[in-house]
Each structure stands twice: as structure tokens, then as C-alpha cells.
Amino acid sequence: MSWTAHSEAFLLHYHHSRNMEELNEISTVAFNCNDCGADLTYSPGTQNIDCQYCGAKNKIFDTGESIEEQDFHSHLSDTSQKEQLPVKFVDCSKCGATSSIDQHITASSCPYCSTPFVTDAAYETNGILPKSLIPFQLDKKQAQQEFKKWIGRSWFAPNDLKKASLNFEKFKGVYIPYWTYDANYDCQYTGLRGDHYYVTETVRIGDKTTTRQVQKTSWSSASGSVSGFHNDILVVASTSLPARYVHKLEPWDLSKLTPFNKSYLSGFTVERYKIELDQGFEAAKEIGKPTIKSKIRGDIGGDVQTINTMNTDYTNITFKHLLLPLYVCAYQFKGEVFQFLVNAQTGEVQGEKPKSWIKITLAILIGIALIAGGIWAFMHFNN
Ligand SMILES: [Zn+2]
Ligand SMILES: [Zn+2]
């Protein structure tokens, strides 16, 4: 089923009174309320898209599709498997992130650096369609509460930042593109096996002679092969997120993946993937490497192992393209951009806290004053 088919199925289900011309007009991210015509937005943690104005609730139509693995090589060789993505995108002039834009919103800004968008520049593009997603579970308020708890632990967060956490405009719900890969691996290796043994040595310390056990290692060459299966290696397909925080946002509960339905995007931003399918697989190989290495170490045996060469074949490679929900808060402080991320499934918060020098200086001065006061009191009362 294509994106259009999805949305039409949905629309036919809920707007059966409307005719086809009207269906085409409203086949963008925001759907309109049957009762009052206002935009409908997905309500996190539910299966509804709700009207923010009249309160009408609409259940999201379940397509009943299963989430299937797709063949990696056939997608690489056949570009016709790329389809037009169902939302329009705009490129950020500052950081280069490509985000979806809602045609009903005239003023919008980049979720990653808060630079205003030129909404007229929105364009349509082809790509691999996501077949599944995890819908937002936390709403903006819950995400902000998690953020406040987190920033509250940071003694040195500047006051501006605390204010920013109260600014709803700075929090954006973004569906981040990911790949997951499955593959069989078969790895030929060469290396060394080290076995420990102990020798008794006699040592002289001053006048005394004593013995001690000293560990030695005997090395022998080793080679062989190991094989196994990588299941659902998760690779982020965005280049806009700070790399060191992406993994810290894990784990995601991928058992909660839902078949893709455009309704879940209503009211949220979608980021266009920047890491292509084949680049993503290269990243997946790196993520899977430690697993293969530990298998090799087990295969070599002994007490310690050295791996010299690894030659890995991957077969039956399949992938899934999915969207995962994050709240992104981009914050500019003294000309620098800081980002905070809230996992909208689990509430996990990650980000960089700029330190306020005024607060640090004050803290140090107070510290010195307390010590000085303590010394003064000690001397005073001891005299
Ligand atoms: Zn309404
Ligand atoms: Zn940007």
C-alpha cells in the first residue's frame, strides 16, 4: 500500500460523506475535523487524532498490515522502489536538516537549530517509505516535565535555559528516520591464542630471599570461522542529532512498532533520512562487529586472544525503515546551539548543558566564604 492509499483508506473511513476532489485536497499531514473543519492532531499515547478546537475524537484506522522485512539488495538495485514521500520537506539554511512542513502552518522553524524556515521553499521528494513507526507516547507537557526534572539536577544550568524549558515553542515533536537490519554473517578469522602458566621466581628484597608466582603466557596461532545472525541492528538515518546522545536515548521498545499510518504524523514534524540504505548498512556492520569479535574470542579459547584478520560475508540482508519519536529542544545560548532530546516513548532525556560562568563563579566564592568563615569561627571560639 502506498502512502496515498493509506491516507485515502483512512479518509474514506472517516470522511465517507465527502467526495473525491475534497479527499485529494486534504491528503497532507493535517487532516480536518469532520465537525468543525479545524486541523486534527495525533494525541500521544492514544490511537486517536483529535480536534484541538471542538474536541471531536477520531480513532486511527488500523490498516491491519504486518510489518515485514524488506530485501536489501533488491532495493539498492531497483530505484523504482522509491516512491514520493507523502509530506513536503524544507531544508534548513543553517544546519542542513530536512524537515517536513505542515501546509497549514505559515511560520515554522528548524527543530535542530531554531532557524526560521522559508515555507515557500517546501518541495516534494522521492524516497524509501517508512513501513512502521512508534507513535508518540509522551505529550509535550510530559516531555517538558521530564526535561525540567533533568535540568533541575544541573546546578549550573543558566537561568535562560530554565526559562527555555518553560517555552513550549522550543519543544518540537519530531519523527526521526531509522533503519534496522537483519543479516546472516559468516566470518573467517586468524589470530593468536594465549594460555597462562605460572613460574616460581626467587627474589631478593634486602637481606631476605623469597619466592613468588609469576604469570606468563604462551601464544599459539589460531584460525577458524564463526557464523550467526544479526537481528534488528538499529541505525539512525538522521545526521542532525548529536551522535554521542543518539545511543544514550536507547533502548527503544521496538515490539511497540505500529504499521505506518500517516495519521500519526498529524501535528508532528518528520525528518527526511540523510543516511542512505547502503550507508546505513555500513554503520550496522560496525555496530555488529563486537558481537562477532566476542564469538571469535570464544572460538579461539584460552585465557587471552588476539584477532589479526576478519573477513566477514553477509547474506540474507533485510531491512526496515521506521520512524521513532523524539522531542527536540534546540536552544541558542551565547551564539552556540545546544540540543536536548527527550525519547517520546520512554522519557529518557539527553543533551548538553551549557554552564553559566556567573553561577560557577558565585558557587566558588560562596565556597571560599564558607571555608573562610569556618576557619574564622574555629580560631575565634578556640581563643
Ligand atoms: Zn473540530
Ligand atoms: Zn537547522
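The exercises below work through a predicted model of one protein chain with a bound zinc ion.

**Exercise 1. Overall make-up**

Task: State how many helices and strands the chain has, what share of its residues is buried, and what share of its contacts is made by residues 24 or more positions apart.

Solution.
1. The secondary structure comprises eight helices and 17 strands.
2. The chain has 383 residues, and 43% of them count as buried.
3. Among contacts with a separation of 6 or more, 73% are between residues 24 or more positions apart.

**Exercise 2. The zinc site**

Task: Identify the donors of the zinc ion (ligand 2), classify the geometry of its site, and find which parts of the chain Cys 92 and Cys 113 tie together.

Solution.
1. Four sulfur atoms coordinate the zinc ion (ligand 2): the SG atoms of Cys 92, Cys 95, Cys 110 and Cys 113, at 2.3 to 2.4 Å.
2. The angles among the four donor atoms run from 99 to 116°. Four donors count as tetrahedral if all angles lie between 85 and 135 degrees, so the site of the zinc ion (ligand 2) is tetrahedral.
3. Along the chain, the donors of the zinc ion (ligand 2) have the spacing C-x2-C-x14-C-x2-C.
4. Cys 92 sits in the loop between β7 (88–91) and β8 (98–101), while Cys 113 sits in the loop between β8 and β9 (126–127); the pair therefore ties together parts that are 21 residues apart in sequence.
5. Both residues can then be checked for accessibility. Cys 92 has 5% relative accessibility and counts as buried; Cys 113 is buried too, with a relative accessible area of 3%.

**Exercise 3. Backbone exceptions**

Task: Locate the cis peptide bond that involves Pro 251, and describe the positive phi values of Asp 232 and Asn 316 together with the surroundings of these two residues.

Solution.
1. The background is that most residues other than glycine have a negative phi, and most peptide bonds are trans.
2. Glu 250 and Pro 251 are joined by a cis peptide bond, with omega about 5°. Pro 251 belongs to the loop between α6 (243–246) and β13 (258–259).
3. Asp 232 is not a glycine, yet its phi is positive, near 50°. Asp 232 is part of strand β12 (residues 208–236) and is partly exposed, with a relative accessible area of 27%.
4. Asn 316, also not a glycine, has a positive phi of about 50°. Asn 316 is in strand β15 (residues 304–333), and its relative accessible area of 60% makes this residue exposed.

**Exercise 4. Thr 318 and its contacts**

Task: Decide whether Thr 318 is buried or exposed, and list its contacts beyond its neighbours within four places in sequence.

Solution.
1. Thr 318 lies in strand β15.
2. Its relative accessible area is 17%. Buried means under 20%, so Thr 318 is buried.
3. With neighbours within four places in sequence set aside, Thr 318 is in contact with Glu 69, Gln 70, Phe 72, Thr 180, Tyr 181 and Asp 182.
4. For Glu 69, a polar contact of 2.8 Å links its side chain to that of Thr 318.

**Exercise 5. Cavities**

Task: Count the cavities of 30 Å³ or more, give the volume of the largest, and name the lining residues closest to its centre.

Solution.
1. Two cavities of 30 Å³ or more are present.
2. The largest cavity has a volume of about 80 Å³.
3. This largest cavity is lined by 14 residues, of which Leu 85, Phe 89, Pro 130, Val 270 and Glu 271 are the closest to its centre.

Methods. Residues are numbered from 1 along each chain as its sequence is written. Chains are lettered from A and ligands numbered from 1 in the order in which they are written. This is a predicted model: local features need pLDDT of at least 70, side-chain atom pairs count only at pLDDT 80 or more; totals for chains, interfaces and linings use all residues. Side-chain values use heavy atoms; hydrogens and water are left out. Donors are N, O and S atoms within 2.8 Å of the metal (3.2 Å for Na, K and Ca); water is not among the atoms, so sites may look incomplete. Four donors count as tetrahedral if all angles lie between 85 and 135 degrees; four count as square planar and six as octahedral if opposite donors are over 155 degrees apart and all others between 65 and 115; anything else is irregular. Helices (H or I, at least four residues) and strands (E, at least two) are DSSP runs, numbered from the N terminus. Buried means under 20% relative accessible area, exposed over 50%, partly exposed in between (1.4 Å probe, protein chains only). A polar contact is a pair of N or O atoms within 3.5 Å; within protein, one must be able to donate a hydrogen and the other to accept it, and residues adjacent in sequence count only if both atoms are side-chain atoms. Contact means heavy atoms within 4.5 Å. On a 1 Å grid over the protein atoms alone, a cavity is a set of points where a 1.4 Å probe fits but cannot get out, and a pocket is an open set with protein on both sides within 12 Å along at least five of seven lines; lining residues have an atom within 4 Å of a point. Grid points are joined across faces, edges and corners, and a volume is the space filled by probe spheres set on the points.
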